[in-house]
Structure formats: C-alpha cells, structure tokens
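Visitor: I've got a structure open on my screen and I'd like to learn how to read it. Could you take me through it, one feature at a time?

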Amino acid sequence: MLAKRIIPCLDVKDGTTVKGVNFVNFKDAGDPVELGKRYSDEGADELVYLDITASLEGRDTFVSLVRRVAERISIPFTVGGGIGSVADVDRLLNAGADKISINSSALRRPQLIDDIANRFGSQVCVVAIDARQLPGGDDWLCYVKGGHEPTSRHLLEWAREAQERGAGEILFTSMDHDGVKHGFACHALRQLHDSLSIPVIASGGCGAMSHFSDVFARGMADAALAASVFHFGEIAIPELKKYLAAQGIPVRQDI
C-alpha cells in the first residue's frame, strides 16, 4: 500500500499565511516561506500554497513567493488561486512549483483541465473542489469564488468528469467542516474513493490526530491536508506520523 501523505496547507493573503473558519474570519498564521521550510524539515510529504486573494495586482507577488519557496524546501508543493490559463500554469511551474491546483476556473471552463493535462501531464493538475452538503441527503453542491457562490454542479459527477478530462488528483474541501476541527467529511471522501481511480486529498475539519487516522481508515483518503493544527502548534508532524504508524497506517518517516 502506498504511504499516506500529510500535507500542510498555507493560505496566502497579501504575502502572509492566514487561516479562517468556514472560509471567513481569517487570522495571521506567519510567514509562508518560513512555515513551509519548517514543515519540510519536520517531515511533511508535500505542501499546498493557495493565493486566496488571487488578484491581478498580486499575481507577480505570488510568483515571487513561489520562487522563494522553491529555493527553501525539499519536498513537492502545489500552488493554486486564480489560475485560469495554460500560460498561468507555465509561469508557476517555471517559478518552481511541482503541481497546480485549479477550482473556479475549471468549473467555469472544464476544457482547462484537458489543456493543462495535455500540455504538462496529468500529474501536474490537481482539481480542487469546495462543496457543501445539501440538506437531507448525501449530495454535495460545488461552490466557486472562494466558497462564496454556489454552482449547479454536484461533487461526485464533477469529480468524475475532472478525472476523465485528465486531472491527476482531486482535492476535496468540505466547506461545512472547514476550520471547525470536528473531523473530516469521511463519508463523502469514501464515496469519492469508490467513484474514482485517481488519488483523493481530504481537506476541512481536522482538529486531532485521531481525525487523520479516521480519514485514512474510514474515508480511504490518499492524503490529508490541514492548516491551523499545524500553523498554531496543536499537532507536530513527527508526532502525528509516529501516531499513524502505530495505528498501522503506512506513512513516510525518514527524518
């Protein structure tokens, strides 16, 4: 069995790492380059950097940040936020990113997934999906614009289409669980696992080490992404990996 991946996520706003609850109420979490270096040294498997403002004015600033991150860390990292073209992808990969994450732009123009996969390979293309559970059932509705605008697309059918178009991974964030630390959306993650053949990254809701073991054992996620529990020192990555190994969950421990 492949090792399960632990992925700290750094939301970047105006050059600073921030963290919110349910996609709002952000607070400062530190310098994104220094945090990334620390996580790399502590044994994180990958990192994700998201430009959550993604303004045209800030694009050059974010590319500069990607370059600085690439100079300091020794693990793969994904970048996302406001990526709308193959040219955007090319610029970020040239700055040192290993993968890119697309969300709203892919829902607006699904062909973008094909274009990126055909130009750079599926391994570069992570399709992020932000979704809320609809009342009274298992269905989830996808959102765009940083979780502010609902779409007509549903989680499972959109994830399957993204895979068919060439996505290499799906990064699913439960907006209902984001930042509240009650655990991941394991039932929906298991549905994604059963519906797809590409890796699924879980995001939203982690508050304890047991939530990681739960999302791997019950949710069948291939990787788990978290932010505040790492940024604010609530969970240390080396201790988390020791805990998971003791639970019989395969993880990379090489620090």
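Guide: Happy to. This is a predicted model, and a good way in is a single pair of side chains: Arg153 and Glu161 meet in a salt bridge, with N and O 2.6 Å apart.

Visitor: Are Arg153 and Glu161 buried or exposed?

Guide: Both of them are buried.

Visitor: Which residues share a network with that pair through their salt bridges?

Guide: To find a network, you follow shared partners. Before that, take a simple pair to compare: Arg218 and Asp214 form a salt bridge, their closest N and O atoms lying 3.0 Å apart. Arg218 is partly exposed at 46% relative accessibility, and Asp214 is partly exposed too, at 28%. Now for the network: Asp114, Arg153, Glu157, Glu161 and Arg165 are joined into one by salt bridges that share partners.

Visitor: How many salt bridges are there in the whole structure?

Guide: The search finds 19. As for the charges themselves, the protein has 27 positive and 34 negative ones, and the mean positions of the two sets are 1 Å apart.

Visitor: What should I look for when a salt bridge sits within a helix?

Guide: Start with the geometry: an α-helix has 3.6 residues a turn, so residues three or four places apart point the same way. Here, the case to look at is Lys37 and Asp41, whose side chains meet in a salt bridge at 2.7 Å, N to O. The two are four residues apart in helix 1 (residues 32–42), which means about one helical turn separates them. Lys37 is partly exposed, with a relative accessible area of 24%, and Asp41 is partly exposed at 46%.

Visitor: What does Val33, in helix 1, touch?

Guide: Leaving out residues up to four places away in sequence, Val33 touches Tyr49, Leu65, Arg68, Val69 and Arg72. Val33 counts as buried, at 5% relative accessibility. For a sense of distance, try His154: it is 121 residues from Val33 along the chain, and their C-alpha atoms are separated by 35 Å.

Visitor: What happens with a buried lysine that has no salt bridge, such as Lys4?

Guide: The way to read one is to look for the nearest opposite charge and then list the neighbours. For Lys4, the nearest side chain of opposite charge is Asp222, 4.6 Å away, whereas a salt bridge needs the nitrogen within 4 Å of a carboxyl oxygen. Lys4 sits in the segment before strand 1 (5–13). Apart from neighbours within four places in sequence, its contacts are Asp45, Phe216, Met220, Ala221, Asp222, Ile249, Pro250 and Val251.

Visitor: Met220 is on that list. What is its phi?

Guide: First the background: most residues other than glycine have a negative phi. Met220 has a positive phi, near 60 degrees. You'll find Met220 in the loop between helix 8 (209–217) and strand 12 (223–226), and it is partly exposed, with a relative accessible area of 25%.

Visitor: Which residues of helix 8 are buried, and what do they pack against?

Guide: For a helix, you pick out the buried residues and then see which elements they contact. In helix 8, His211, Phe212, Ser213, Val215 and Phe216 are buried. The buried residues of this helix pack against strand 1, helix 7 (186–195), strand 11 (200–203), strand 12, helix 9 (228–231) and helix 10.

Visitor: Where is Pro238?

Guide: Pro238 is in helix 10 (residues 237–246), partly exposed with a relative accessible area of 26%. Asp194 is 44 residues from Pro238 along the chain, and the C-alpha atoms of the two are 30 Å apart.

Visitor: Let's zoom out. How many helices and strands does the protein have?

Guide: Ten helices and twelve strands. The radius of gyration is 17 Å, close to the 18 Å that the globule rule gives for 255 residues, so the protein is as compact as a globular protein of that length. Along the principal axes, its C-alpha atoms fill a box of roughly 45 × 45 × 35 Å.

Visitor: And what about burial, contacts and surface?

Guide: Buried residues make up 54% of the 255. Of the contacts with a separation of 6 or more, 65% are between residues 24 or more positions apart. The accessible surface comes to about 10,800 Å², and carbon and sulfur atoms account for 49% of it.

Definitions and conventions. Residues numbered from 1 in each chain as written. Predicted model: local features only at pLDDT ≥ 70, side-chain atom pairs only at ≥ 80, totals over all residues. Heavy atoms only, no water. Rg over C-alpha atoms; globule rule 2.2 N^0.38 Å. Buried < 20%, exposed > 50% of the residue type's maximum accessible area, 1.4 Å probe, protein only. Contact = heavy atoms within 4.5 Å. Areas by Shrake-Rupley, 256 points an atom, 1.4 Å probe, with all protein chains shown as cover. Lys, Arg positive; Asp, Glu negative; His and termini not counted. Charge placed at Lys NZ, Arg CZ, Asp CG, Glu CD.
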